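Grab a viewer and work through the exercises below. Try each one before you read its solution.

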Amino acid sequence: MTLHRTLVLVAHPDLGSSRITAHLTAAVKDMEHVTVHDLSAAYPDRRIDAAREQELLRGHDTIVWAFPWHWYSVPGVLKEWMDQVLTYGFAYGTGGDALHGKRLQLALSTGGPESSYAPSGHNRFTMDELLRPLHATAHLCGLDMAEPLILHSAHGADADELDRHAARYRELLSAVPAAAGR
Ligand SMILES: Cc1cc2nc3c(=O)[nH]c(=O)nc-3n(C[C@H](O)[C@H](O)[C@H](O)COP(=O)(O)O)c2cc1C
């Protein structure tokens with residue numbers, strides 16, 4: 001059985017100014033089977049090397065998108081990455097099976113509290129509803145979407161809560177899914 005490899009794509013416009021995403025990234029970067037890849041640092045001009053990214057994806061079994069929730073969606077750098085890397089013939093369409101059977105784990109934080117993501121809350125929609133475009137993306141690409149890890153009320157999280165959340169994240173990345181080990 002080969003080692004299950006995990007690629008963490010960190011998608012924050014400026015990791016240096018991040019509290020949550022930076023903390024989560026620090027918590028997993030020493031893990032033996034984990035490759036941490038900071039997209040904004042790698043591509044400050046957003047000119048993404050699609051061939052390199054596709055090679056990285058081929059070499060890993062679980063893909064993590066770690067990001068702050070920006071305008072009910074992923075930050076621009078991750079959208080840019082999706083547009084340039086998840087191409088026809090690679091991620092979908094004829095011959096586009098490079099990601100089939102891999103696992104996609106989302107790790108995101110929101111400023112709004114969990115209660116605000118409800119029909120009666122000020123964000124009006126549930127996270128499940130708002131995450132549908134990402135579910136559809138995973139489905140089209142043949143990725144198995146794991147239960148997203150979400151930290152709500154990011155600004156109010158104290159150090160203990162952040163540590164507990166980071167421990168949970170590390171635990172998720174330690175677990176090799178039953179279907180893995182191909
Ligand atoms: C440009 C921008 C857009 C944001 N949009 C949302 C949003 O739509 N919903 C929400 O709950 N929080 C939103 N936030 C708050 C961030 O999600 C929050 O600051 C982030 O999760 C904290 O993580 P970090 O410390 O890694 O930056 C936004 C923040 C910024 C800077």
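A salt bridge here is a side-chain nitrogen of Lys or Arg within 4 Å of a carboxyl oxygen of Asp or Glu. Keep in mind that this is a predicted model.

**Exercise 1. Find the salt bridge between R58 and E55, and say where its two residues lie.**

Step one is the distance: the closest N and O atoms of R58 and E55 are 3.8 Å apart, and the cut-off is 4 Å, so the pair qualifies as a salt bridge.

Step two is the location. Both R58 and E55 sit in helix α3 (residues 50-58), and three residues, about one turn of the helix, separate them.

Step three is accessibility: R58 has a relative accessible area of 47% and is partly exposed.

**Exercise 2. Work out how the R168 and E171 pair is arranged, then do the same for R170 and D30.**

Start with R168 and E171, whose side chains meet in a salt bridge at 3.2 Å, N to O. They are three residues apart in helix α7, so about one helical turn lies between them. R168 is partly exposed, at 40% relative accessible area.

Now take R170, which forms a salt bridge with D30, with 2.8 Å between the closest N and O atoms. R170 belongs to helix α7 (residues 159-174), while D30 is in the loop between α1 (20-28) and β2 (34-38), so this salt bridge ties together parts that are 140 residues apart in sequence. As for accessibility, R170 is partly exposed at 32%, whereas D30 is exposed at 56%.

To finish, put the pairs in context: the structure holds four salt bridges, among them these.

**Exercise 3. Look at M31: buried or exposed? And how far is M31 from S174 in space?**

First place the residue: M31 is in the loop between α1 and β2. Its relative accessibility is 8%, and the cut-off for buried is under 20%, so M31 counts as buried.

Then check the distance. M31 and S174 are 143 residues apart in sequence, yet their C-alpha atoms are 8.3 Å apart in space.

**Exercise 4. Describe the surroundings of strand β4 (residues 103-109).**

Begin with burial. Seven of the seven residues of β4 are buried, so the strand is largely enclosed by the rest of the structure. Split them by face and you get R103, Q105, A107 and S109 on one side, with L104, L106 and L108 on the other; both faces are covered.

Next come the strands that pair with β4:

- Strand β3 (residues 62-68) runs parallel to β4, with seven bridges between them, and P68 stands opposite S109.
- Strand β5 (residues 144-145) is also parallel to β4 and joined to it by two bridges, with M145 as the bridge partner of L104.
- Strand β6 (residues 149-151) pairs with β4 in the parallel sense over three bridges, and here L108 has I150 as its partner.

Finally, trace the chain connection: β3, helix α4 (residues 76-85) and β4 form a right-handed β-α-β unit.

**Exercise 5. Which residues are closest to the ligand, and how much of the ligand's area does the protein bury?**

Step one is the list. There are 17 residues around the ligand, and the closest are H12, S18, T21, S109 and Y117.

Step two is the polar atoms. A polar side-chain atom of H12 is 2.7 Å from a ligand oxygen. The backbone also takes part: an N or O backbone atom of I20 lies 2.9 Å from an oxygen of the ligand, and a polar backbone atom of W69 is 2.8 Å from a ligand oxygen.

Step three is the area: the ligand taken alone exposes 640 Å², of which the protein buries 73%.

As an extra, go back to S18. It sits in the loop between β1 (6-10) and α1 and is buried at 13% relative accessibility. The S18 side chain also reaches the backbone nitrogen of A22 at 2.9 Å.

**Exercise 6. What is unusual about the phi of W71 and of Y72?**

Recall the background: most residues other than glycine have a negative phi.

Now check the two residues. W71 has a positive phi of about 50°, and Y72 has a positive phi of about 60°, although neither is a glycine.

Then locate them. W71 is in the loop between β3 and α4, and Y72 lies in the loop between β3 and α4 too. W71 is exposed at 79% relative accessibility, while Y72 is partly exposed at 35%.

Notes:
Residues numbered from 1 in each chain as written. Predicted model: local features only at pLDDT ≥ 70, side-chain atom pairs only at ≥ 80, totals over all residues. Heavy atoms only, no water. Helix = DSSP H or I, 4+ residues; strand = E, 2+ residues; numbered from the N terminus. Buried < 20%, exposed > 50% of the residue type's maximum accessible area, 1.4 Å probe, protein only. Pairing = 2+ DSSP bridges. Right-handed = clockwise from strand over helix to strand, strands pointing away. Near = heavy atom within 4 Å. Polar contact = N/O pair within 3.5 Å; in protein donor to acceptor, adjacent residues only side chain to side chain. Areas by Shrake-Rupley, 256 points an atom, 1.4 Å probe, with all protein chains shown as cover.
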